[in-house]
Structure formats: structure tokens, C-alpha cells
Amino acid sequence: MKRTKKVEFELADSLHKQWLDYSSKHDINKDIEPLYPLLNDPLAITRTEAQILDALYNATLVVLESTPQLDSEQKTRALYFSYNLCSCDACQKECGAHINKKGQIRISQKLFLNKLLSPPPAGLLELMYTILHQMLHGIFPELDEQTITEKTEQAWKSGMAKLAKEKLNS
Ligand SMILES: [Zn+2]
Ligand SMILES: [Zn+2]
């Protein structure tokens, strides 16, 4: 029997709602500060979409690396994921992102371009938050959406706090 790979499609709307829930409780302007050197002005017009995604993905990995919520084995798993912008049927419609069993993260190109249009830093942070959420789905494929949503919030918050502290001490 051939095992079909389960693909988790996530609605752009519900991803956006998760971000709104988070950002209503926290001062996201504080979050962007330690990230400036990492993001290195990804909105510069000379950058391609792929370069912007690279910068955001790498910055998200740093947040993931910084969180004390995950052990090193779990963090290492995220390093093997691949990522791309996606314009599959679902992503051209309502889907914001998906990840399959092979750890291939797909960020809807439509969502991506939409977020780049929103005023920085919120749009960039929201994209990173979405990427982190997909990474956690990949690290914990057995967990349900609500648990992953909670883990995303915890990992983001603690990762950002650690980054900010490191910046103060450097
Ligand atoms: Zn897609
Ligand atoms: Zn999810």
C-alpha cells in the first residue's frame, strides 16, 4: 500500500488571526529590534523575492535556536526542512502556507507579496511568525493545530526575549 503524504494546508485568514492574537498581547516593535541586523533591510528593492524569503527564514531559525522551549534535537530537525514560495491551486486561493511529511515548507506567494505590502515591520514579522508556525508543525507532526499555535507563541516570545537580552549584553 502506498502511503499518501499528508499535507497541512493552512488558511491565510487563520494564520493572520494567530498573528493578531499574538501582536495584540505583545509589543512587536520590541521584537524587530534584535532582528534588524539579521534582516538587513529586506525591503531593499534590489532584493529578489527569494532573497527576502531567505533572510526571513534564516532570521526565523535564529528565533527558533534561541528559544529554551525546545531541546537541541528538536531544533536540529528544523535545519533539514526546505522552503519555497508556492503558487499551487490552494496557495493561489485561500491557503497561506503548508508543510508536508517530508518537511517541505511552502509559503503562499500571494500571502508573501501581500505581507510585503503592509507597513514594516509588521508584515515581515508576521511572515516570520508564519514560518515559525510551519517549522513547529514539521518538528511536531503528531500535535494538533491548537497545541502548535500555543507552541508558536511560546517559542516566539521566549526566542525574542533571549535575542533581545543577547543584544543588550553584546
Ligand atoms: Zn501551495
Ligand atoms: Zn498550523
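User: In which helix is the place of lysine 110?

Analyst: This is a predicted model. In it, lysine 110 is partly exposed, with a relative accessible area of 43%. Its place is in the helix that spans residues 109-117, namely α7.

User: How far apart in space are lysine 110 and leucine 85, C-alpha to C-alpha?

Analyst: Along the sequence, lysine 110 and leucine 85 are 25 residues apart. In space, the distance between them from C-alpha to C-alpha is 8.9 Å.

User: How many helices and strands does the chain have?

Analyst: Read along the sequence, the elements follow the pattern β-α-α-α-α-α-β-α-β-β-α-α-α. The chain has 170 residues, and buried residues make up 44% of them. The elements of the chain are four strands and nine helices.

User: Which residues are the protein donors of the zinc ion (ligand 1)?

Analyst: The donor residues of this zinc ion (ligand 1) are spaced C-x1-C-x2-C-x6-H in sequence. The donor atoms lie 2.1 to 2.3 Å from the ion, with an SG atom from each cysteine and NE2 from the histidine. The residues are Cys86, Cys88, Cys91 and His98.

User: What is the geometry of the site of the zinc ion (ligand 1)?

Analyst: The site of the zinc ion (ligand 1) has four donor atoms, with angles of 104 to 113° among them. Four donors count as tetrahedral if all angles lie between 85 and 135 degrees. The site is therefore tetrahedral.

User: Is cysteine 88 buried or partly exposed?

Analyst: Cysteine 86, another donor of the zinc ion (ligand 1), counts as buried at 10% relative accessibility. Buried means under 20% relative accessible area. Cysteine 88 has 24% relative accessibility, so it counts as partly exposed.

User: Which residues are the protein donors of the zinc ion (ligand 2)?

Analyst: The donors of the zinc ion (ligand 2) follow the spacing E-x122-H-x3-H-x7-E along the chain. Each histidine gives NE2, and the donor atoms lie 2.0 to 2.5 Å from the ion. The residues are Glu10, His133, His137 and Glu145.

User: How many residues apart in sequence are the parts that glutamate 10 and histidine 137 tie together?

Analyst: Both of these residues are donors of the zinc ion (ligand 2). Glutamate 10 lies in strand β1 and histidine 137 in helix α8, so the pair ties together parts whose separation in sequence is 127 residues.

User: Is histidine 137 buried or exposed?

Analyst: Glutamate 10 is buried, with a relative accessible area of 5%. Histidine 137 has 9% relative accessibility. The cut-off for a buried residue is under 20%. Histidine 137 therefore counts as buried.

User: What is the geometry of the site of the zinc ion (ligand 2)?

Analyst: There are six donor atoms at the site of the zinc ion (ligand 2), with angles of 56 to 136° among them. Six donors count as octahedral if opposite donors are over 155 degrees apart and all others between 65 and 115. The angles do not fit that rule, so the site is irregular.

User: Which side chain does threonine 152 join through a polar contact of 3.0 Å?

Analyst: Threonine 152 is found in helix α9, residues 145-169, and counts as buried at 0% relative accessibility. A polar atom of its side chain lies 2.6 Å from the backbone oxygen of isoleucine 148. The 3.0 Å contact joins the side chain of threonine 152 to that of histidine 133.

User: Which element gives the largest share of the lining of the largest pocket?

Analyst: The largest pocket holds about 290 Å³ of space. The elements that give two or more residues to its lining are α8 (122-139) and β1 (8-11). The largest share, three residues, comes from β1.

User: How many residues of the lining of the largest pocket are charged?

Analyst: The largest pocket is lined by 16 residues, and those nearest its centre are Glu8, Ile99, Lys101, His137 and Pro141. The lining includes five nonpolar and four polar residues. The number of charged residues is seven.

User: What distance separates the C-alpha atoms of serine 14 and glycine 96?

Analyst: Serine 14 is found in helix α1, residues 12-25, and counts as partly exposed at 32% relative accessibility. Along the chain, serine 14 and glycine 96 are 82 residues apart. Their C-alpha atoms are separated by 8.6 Å.

Technical notes
Residues are numbered from 1 along each chain as its sequence is written. Chains are lettered from A and ligands numbered from 1 in the order in which they are written. This is a predicted model: local features need pLDDT of at least 70, side-chain atom pairs count only at pLDDT 80 or more; totals for chains, interfaces and linings use all residues. Side-chain values use heavy atoms; hydrogens and water are left out. On a 1 Å grid over the protein atoms alone, a cavity is a set of points where a 1.4 Å probe fits but cannot get out, and a pocket is an open set with protein on both sides within 12 Å along at least five of seven lines; lining residues have an atom within 4 Å of a point. Grid points are joined across faces, edges and corners, and a volume is the space filled by probe spheres set on the points. Ala, Val, Leu, Ile, Met, Phe, Trp, Tyr, Cys and Pro count as nonpolar, Asp, Glu, Lys and Arg as charged, and the others, Gly among them, as polar. Donors are N, O and S atoms within 2.8 Å of the metal (3.2 Å for Na, K and Ca); water is not among the atoms, so sites may look incomplete. Buried means under 20% relative accessible area, exposed over 50%, partly exposed in between (1.4 Å probe, protein chains only). A polar contact is a pair of N or O atoms within 3.5 Å; within protein, one must be able to donate a hydrogen and the other to accept it, and residues adjacent in sequence count only if both atoms are side-chain atoms.
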